[in-house]
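Below are some reading notes for a colleague who has not seen this structure before. They are set out as numbered points and can be read beside the model.

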Amino acid sequence: MGDGAYNALSDAEKKQHADILTIVTQASGKATLVFENLITRASDTNEDTWIDRFTKTNYNDLLDLYPDMLPEDAKKELAKDFDDDAKKILEMWDPLKQQLDNYDKNKAKLDELTNTDLTEQKKIVDEFDAEKATQEQKDAYIRAFAEITVNSDAITALYADMAAKEYLSGVAFQDGTLADFFTQDRSKVASDITALYPLIASLSEGQRAGLDFVTLSDLIMFSATNSEVYKSASIDGLETTSVYEGVDRDI
């Protein structure tokens, strides 16, 4: 829709249409975070991932990018190019390490949640009739629905946390795996932050720009969910929701 046609609409009609700027500025906070995440996710090629590039790159490779410089000058140039973003990765280190270290605990918790008997709660939800329900039945429905939702959300979160460890454990790196690399103590990594320069160099420009609002765990899962996963994904049965949900757009 062009500006002329859009400007001719009434205020009520304009709410049914929007350009990308309006959507982003008026959307809910949750929707905006989703936009940022997806834009960062889409900023890499389908040919390889930053993980692929990282496992094939080391600090000396980066120094080779400055063949006309003395080694000390090249190191200073690398620091100028990568140090700030490497520090951002370092700030994300402990949460990821804790997530990876908690794999066995999360697996036990997952087993417990998946074996939780919610038969009665599901029966209450399935048989609920909003038009005929008494207040007591409505209260029971709310409690049952909440218990089912909390259980489902917790299971989903645990699967996501565990997926990162399983993925990294399958990627060879140096004398071990990337799981070994990312479970090093933060202090060890901080003592020689140049070890993170190849990681930063392996990110796309969009991913580097996204370091202010995505986590290290997010970046890893971007690589774990490659193009084949997206191609096989189905939107059948998914419920739609408004990006303006919970927002008073008249303000």
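1. Ala157 is a modest place to start: at a relative accessible area of 41%, Ala157 is partly exposed. It is found in helix H11. Between the C-alpha atoms of Ala157 and Asn106 there are 9.7 Å, although 51 residues separate the two along the chain. Please keep in mind throughout that this is a predicted model.

2. On confidence, the average pLDDT of the protein is 83, and 75% of the residues score at least 70. One stretch calls for caution: over residues 227–235 pLDDT stays under 50. For that stretch the model has three contacts beyond four places in sequence.

3. The general make-up is as follows. The protein has 17 helices and two strands. It is made of 251 residues, of which 30% count as buried. The exposed area is about 16,300 Å², with 52% of it supplied by carbon and sulfur atoms. Of the contacts between residues at least 6 apart in sequence, 74% join residues at least 24 apart.

4. Helix H11 also holds Asn151. Is Asn151 buried or exposed? Its relative accessibility is 13%, so Asn151 counts as buried, the cut-off being under 20%. A polar atom of the Asn151 side chain lies 3.3 Å from the backbone oxygen of Leu113. Leaving out residues up to four places away in sequence, Asn151 touches Leu113, Thr116 and Leu118.

5. Next, the nonpolar interior. The largest nonpolar core has 37 residues, and Phe182 and Leu196 are those with the most contacts inside it. Several elements give two or more residues to this core, among them helix H5 (50–54), helix H6 (59–63), helix H8 (93–101) and helix H11 (135–169). Others on that list include helix H12 (178–182), helix H14 (197–202) and helix H16 (216–224). Which element supplies the largest share of this core? That is H7, with six residues.

6. Leu196 deserves a look of its own. With neighbours within four places in sequence left aside, Leu196 is in contact with Ala86, Ile89, Leu90, Trp93, Phe181 and Val189. A second core, separate from the one above, has six residues, including Leu110, Leu113, Leu158 and Met162. Leu113 thus appears twice in these notes, as a member of this second core and as a residue touched by Asn151.

7. Turning to charged pairs, how many salt bridges does a search of the whole structure find? The count is 13. One of them joins Lys87 to Asp83, with 3.3 Å between the closest N and O atoms. Both residues lie in helix H7 (residues 71–91), four residues apart, which is about one turn of the helix. The two partners fall into separate accessibility classes: Asp83 is buried at a relative accessible area of 15%, whereas Lys87 is partly exposed at 45%.

8. Another salt bridge in helix H7 pairs Asp85 with Lys88. The closest N and O atoms of Asp85 and Lys88 are 3.6 Å apart, and the spacing in sequence is three residues, again about one turn of the helix. Asp85 is buried, its relative accessible area being 11%. Lys88, at 28% relative accessibility, counts as partly exposed. This pair does not stand alone, since Asp85 and Lys88 are linked with Arg208 and Asp212 in a network of salt bridges.

9. A further salt bridge reaches out of helix H7. The side chains of Arg186 and Glu91 meet at 3.0 Å, N to O. Arg186 lies in helix H13 (residues 186–191) and Glu91 in helix H7, so this pair ties together parts that are 95 residues apart in sequence. Glu91 counts as exposed at 58% relative accessibility, while Arg186 counts as partly exposed at 27%.

10. To a new reader I would suggest following helix H7 through the points above. Helix H7 gives six residues to the largest nonpolar core. It contains both partners of the Lys87 and Asp83 salt bridge and both partners of the Asp85 and Lys88 salt bridge. Through Glu91, helix H7 is also joined to helix H13.

Methods: Residues numbered from 1 in each chain as written. Predicted model: local features only at pLDDT ≥ 70, side-chain atom pairs only at ≥ 80, totals over all residues. Heavy atoms only, no water. Salt bridge = Lys/Arg side-chain N within 4 Å of Asp/Glu carboxyl O. Buried < 20%, exposed > 50% of the residue type's maximum accessible area, 1.4 Å probe, protein only. Core = buried A, V, L, I, M, F, W, Y, C linked by side-chain atoms within 4.5 Å. Contact = heavy atoms within 4.5 Å. Areas by Shrake-Rupley, 256 points an atom, 1.4 Å probe, with all protein chains shown as cover. Polar contact = N/O pair within 3.5 Å; in protein donor to acceptor, adjacent residues only side chain to side chain. pLDDT = per-residue confidence, 0-100.
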